[in-house]
Amino acid sequence: MSALVHRPTEYAAVMGSKARPLPPASRVVDLLIVARATDDRYGARLFSALLDRILGTESK
């Protein structure tokens with residue numbers, strides 16, 4: 001017998017939760033500049049991916 005474990009995202013998908021709006025590209029660019037200037041590799045990677053998503057340039 002196996003137990004069912006529900007993931008938090010399953011409930012959101014079933015209930016039709018709205019996606020959070022993306023921030024303006026200018027704000028993300030500012031955050032990316034700060035992350036790179038402070039040598040924050042995680043932040044730079046995160047904001048770079050977010051900027052790609054906003055601009056629609058993400059690789060498929």
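Here is a short tour of this structure, one selection at a time. Keep in mind as you click around that you are looking at a predicted model.

**Stop 1: the whole protein**

Start with everything shown as a cartoon. You should find three helices and zero strands, and following the chain along its sequence gives you the pattern α-α-α. Now switch on the surface. The accessible surface adds up to about 5600 Å², and carbon and sulfur atoms account for 59% of that. How much of the protein counts as buried? Of its 60 residues, 12% do.

**Stop 2: helices α2 and α3**

Next, select residues 25-37, which form helix α2, and give them one colour. Pick another colour for residues 41-55, helix α3. The axes of these two helices are 8 Å apart, and the helices pack at an angle of about 160°. Anything over 145 degrees counts as roughly antiparallel, so that is the label for α2 against α3. Turn the view a little and look at how they cross: α2 passes α3 in a left-handed crossing.

**Stop 3: where the two helices touch**

Show side chains for the contact between them. On the α2 side, select A25, V28, V29, L31, L32, A35 and R36. On the α3 side, select G43, A44, F47, S48, L50, L51, I54 and L55. What kinds of residues make up this contact? They split into 12 nonpolar, two polar and one charged.

**Stop 4: R36 and F47**

Stay with that contact and pick out R36, which sits in helix α2. R36 counts as exposed because its relative accessibility is 57%, and the cut-off for exposed is over 50%. Now add F47 and draw a distance between the two C-alpha atoms: R36 and F47 are 10.0 Å apart in space and 11 residues apart in sequence.

**Stop 5: the loop**

Move on to the loop between α2 and α3, and select D39 there. What is unusual to look for in its backbone? D39 is not a glycine, yet its phi is positive, about 60°. Is D39 buried or exposed? With a relative accessibility of 62%, D39 counts as exposed.

**Stop 6: L55 and A25**

Finish with L55, in helix α3. L55 has a relative accessible area of 53%, so this leucine is exposed. Select A25 as well, another of the contact residues, this one from α2. L55 and A25 are 30 residues apart in sequence, while their C-alpha atoms are 7.7 Å apart in space.

Conventions. Residues are numbered from 1 along each chain as its sequence is written. This is a predicted model: local features need pLDDT of at least 70, side-chain atom pairs count only at pLDDT 80 or more; totals for chains, interfaces and linings use all residues. Side-chain values use heavy atoms; hydrogens and water are left out. Helices (H or I, at least four residues) and strands (E, at least two) are DSSP runs, numbered from the N terminus. Buried means under 20% relative accessible area, exposed over 50%, partly exposed in between (1.4 Å probe, protein chains only). Axes are lines fitted to C-alpha atoms, for helices over the stretch in contact, and angles run from 0 to 180 degrees between N-to-C directions. Angles under 35 degrees count as roughly parallel, over 145 as roughly antiparallel, 65 to 115 as roughly perpendicular and the rest as oblique. A crossing is left-handed if the near helix is turned anticlockwise from the far one by less than a right angle, and right-handed if clockwise. Contact means heavy atoms within 4.5 Å. Ala, Val, Leu, Ile, Met, Phe, Trp, Tyr, Cys and Pro count as nonpolar, Asp, Glu, Lys and Arg as charged, and the others, Gly among them, as polar. Accessible areas come from the Shrake-Rupley method with a 1.4 Å probe; for residues, only the protein chains shown count as cover.
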